[in-house]
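User: I am new to reading protein structures, and I would like to go through this one feature by feature. Could you take me through it slowly?

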Amino acid sequence: MKKRNVYLDNSATTYVREEVVEAMMPYFSDIYGNASSFHQYGQDSKKALLKSRESFAKLINAQYTDEVIFTSCGTESDNIAIKGALLANKGNHIITSQIEHHAVLYTCQYLEKNGYKVDYISTDSTGKVNIEEIKNKITNETVIISIMHANNEIGIIEPIEEIGKMLKEINKTRTNPILFHTDAVQTAGKIKLDVQKMGIDLLSVSAHKFYGPKGVGALYIKKGTKISPLFHGGHHENDLKPGTENIPSIVGMTKALELATKGIDIENEKTSILRNKLKDGIIAQIPEVIINTDINNSVSNILNVSFNYIEGESLLLMLDMEGIAVSTGSACASGSTEPSHVLKAIGASPLASQGTIRFSLGKQNNKEDIDYVLEVLPKLVDKVRQMSPVWNSKNYK
Ligand SMILES: Cc1ncc(COP(=O)(O)O)c(C=O)c1O
């Protein structure tokens with residue numbers, strides 16, 4: 001088969017859809033006023049900002065438009081949510097999971113170093129958090145629970161609605177209700193978000209995961225939730241994200257979510273079929289593989305596979321030379337030699353963790369892409385294994 005370029009790293013980032021670029025364009029050149037300015041130029045930008053907020057709020061089923069603030073990325077949304085909640089509310093305790101993205105995990109570790117207490121909830125072997133454990137860890141000091149909607153490495157979907165219901169009951173008896181935050185960076189545009197149904201107070205998203213531009217995100221903050229600002233310098237975005245608003249990106253992100261939401265079922269069906277084809281082909285052709293993604297309870301585009309007796313980075317580089325882009329563990333963790341904290345949490349062996357690849361599909365992928373990967377991948381895995389003394393001694397015994 002002829003060499004082709006196959007991008008299977010859509011959970012790291014996506015391309016920007018043409019319709020999104022088109023929607024953004026006027027705000028670079030024609031409508032460039034500062035949304036805080038009183039003249040017409042400013043008012044035109046302000047109109048776009050308000051319209052975006054209104055559309056965005058509707059798309060996630062927020063009750064009020066001003067429950068949405070625009071931020072610079074998912075990481076910033078997570079930081080504002082968690083640190084902001086701790087600054088504004090009484091108590092010093094956070095509950096999160098062992099498999100959060102570093103945007104949450106490192107924030108919690110930083111807070112721990114600064115005197116806060118953090119409990120990291122364990123998961124089962126699929127990556128699903130233990131709700132009973134969450135319940136048991138709650139104390140009078142608990143301010144916030146942060147559990148991701150879906151994991152960026154293995155794709156598992158967490159039982160957010162169930163946790164939300166459990167918390168609602170617990171909060172009935174508390175004078176200081178516990179806040180519930182979810183990092184929905186990997187689900188926005190893939191699962192229809194309904195903040196009311198989810199029973200959450202805070203939700204983070206990032207545009208570059210759903211065919212929007214990089215460097216823009218949003219944070220849903222339920223009305224009445226007390227959050228202190230982390231930055232100071234202006235009254236933009238309810239005082240929580242001061243600084244001149246990035247109108248082109250905000251317009252682009254809103255357009256991207258609108259398009260993704262509209263096509264959600266068709267897209268999920270398409271990626272599920274391609275993902276299954278990839279999974280089945282890998283299992284059929286390559287020995288000693290472990291599928292780390294729970295296919296029945298995950299976002300449709302992620303397939304995390306451990307190839308025993310290989311070095312993930314070597315395989316990644318060889319795939320790259322054949323035009324195939326994947327990642328080892330999470331994009332942010334690659335380059336580090338530490339085994340993935342997510343794989344550790346689900347009980348993967350160090351042998352398996354070392355040879356783990358995340359394939360993440362997207363809109364641009366088709367059947368031919370998967371056929372190509374299934375032709376190239378088995379040969380490369382075999383080639384890498386032939387270089388491994390452990391694999392060779394195992395097979396010559
Ligand atoms: C689950 C999750 N949260 C947060 C982030 C960070 O988002 P951003 O790159 O917009 O800061 C990512 C990015 O990979 C992610 O996957």
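Analyst: Let us begin with a caution, which is that this is a predicted model. With that in mind, choose a feature and we will read it together.

User: Which residues lie around the ligand, and how do they divide into nonpolar, polar and charged?

Analyst: The way to read a ligand's surroundings is to list the residues and then sort them by character. Here the residues around the ligand are Cys 73, Gly 74, Thr 75, His 101, Ala 103, Met 148, Asn 152, Asp 183, Val 185, Gln 186, Ser 206 and Gly 217. Sorted by character, this shell holds 4 nonpolar, 7 polar and 1 charged.

User: Gln 186 is in that list, so where is its place, and why does it count as buried?

Analyst: Burial is judged by counting neighbours, and a residue is called buried if 20 or more other C-beta atoms lie within 10 Å of its own. Gln 186 sits in the loop between S6 and helix H8 (195-198), and because it has 29 C-beta neighbours inside 10 Å, it counts as buried. Leaving aside residues up to four places away in sequence, Gln 186 touches Ser 11, His 149, Ala 150, Asn 151, Asn 152, Lys 209 and Val 299. Gln 186 and Phe 210 are 24 residues apart in sequence, while their C-alpha atoms are 8.6 Å apart in space.

User: Which strands are joined to S7, and do they run parallel or antiparallel?

Analyst: Strands are read through the bridges between them and the direction in which they run. Strand S6 (residues 179-183) is joined to S7 by 3 bridges, and these two run parallel, whereas 5 bridges join S7 to strand S8 (residues 217-221), and that pair runs antiparallel. Ser 204 in S7 shows both pairings, since it stands opposite Asp 183 and has Leu 219 as its bridge partner in S8. Asp 183 is also among the residues around the ligand, as is Ser 206.

User: Are the faces of S7 covered or open?

Analyst: For a strand, one asks about each side in turn. Both faces of S7 are covered, with Leu 202, Ser 204 and Ser 206 buried on one side and Leu 203 and Val 205 buried on the other.

User: What should the 12 residues of helix H5 span, and what does H5 pack against?

Analyst: A helix can be checked by comparing an expected span with the one in the model. At 1.5 Å a residue, the 12 residues of H5 (residues 102-113) should span 16 Å, and the end C-alpha atoms are indeed 16 Å apart, which agrees. The buried residues of H5 are Ala 103, Val 104, Leu 105, Thr 107 and Cys 108, and they pack against helix H4 (74-88), strand S3 (93-97), strand S4 (117-121), strand S5 (142-146) and S6. Just after H5 comes Gly 115, with a positive phi of about 100 degrees.

User: Where do the buried residues of helix H11 fall, seen down its axis?

Analyst: Looking down a helix axis shows how its buried residues are arranged around it. In H11 (residues 312-321) the buried residues are Gly 312, Leu 315 and Leu 319; they fall within an arc of 65 degrees, so they line one face of the helix. On the other side of H11, Leu 317, Asp 320 and Met 321 are exposed. The buried residues pack against several elements, including strand S10 (302-307) and helix H14 (367-386). After H11 comes Gly 323, whose phi is positive, near 90 degrees.

Notes
Residues are numbered from 1 along each chain as its sequence is written. This is a predicted model: local features need pLDDT of at least 70, side-chain atom pairs count only at pLDDT 80 or more; totals for chains, interfaces and linings use all residues. A residue is near a molecule or strand if its C-beta atom, placed from the backbone, lies within 6 Å of it. Ala, Val, Leu, Ile, Met, Phe, Trp, Tyr, Cys and Pro count as nonpolar, Asp, Glu, Lys and Arg as charged, and the others, Gly among them, as polar. A residue is buried if 20 or more other C-beta atoms lie within 10 Å of its own, exposed if 12 or fewer, and partly exposed in between; C-beta atoms are placed from the backbone. Helices (H or I, at least four residues) and strands (E, at least two) are DSSP runs, numbered from the N terminus. The arc is that of the directions from the helix axis to the C-beta atoms. Two residues are in contact if their C-beta atoms, placed from the backbone, lie within 7 Å. Two strands pair if DSSP finds at least two bridges between them. The expected span of a helix is 1.5 Å times one less than its number of residues.
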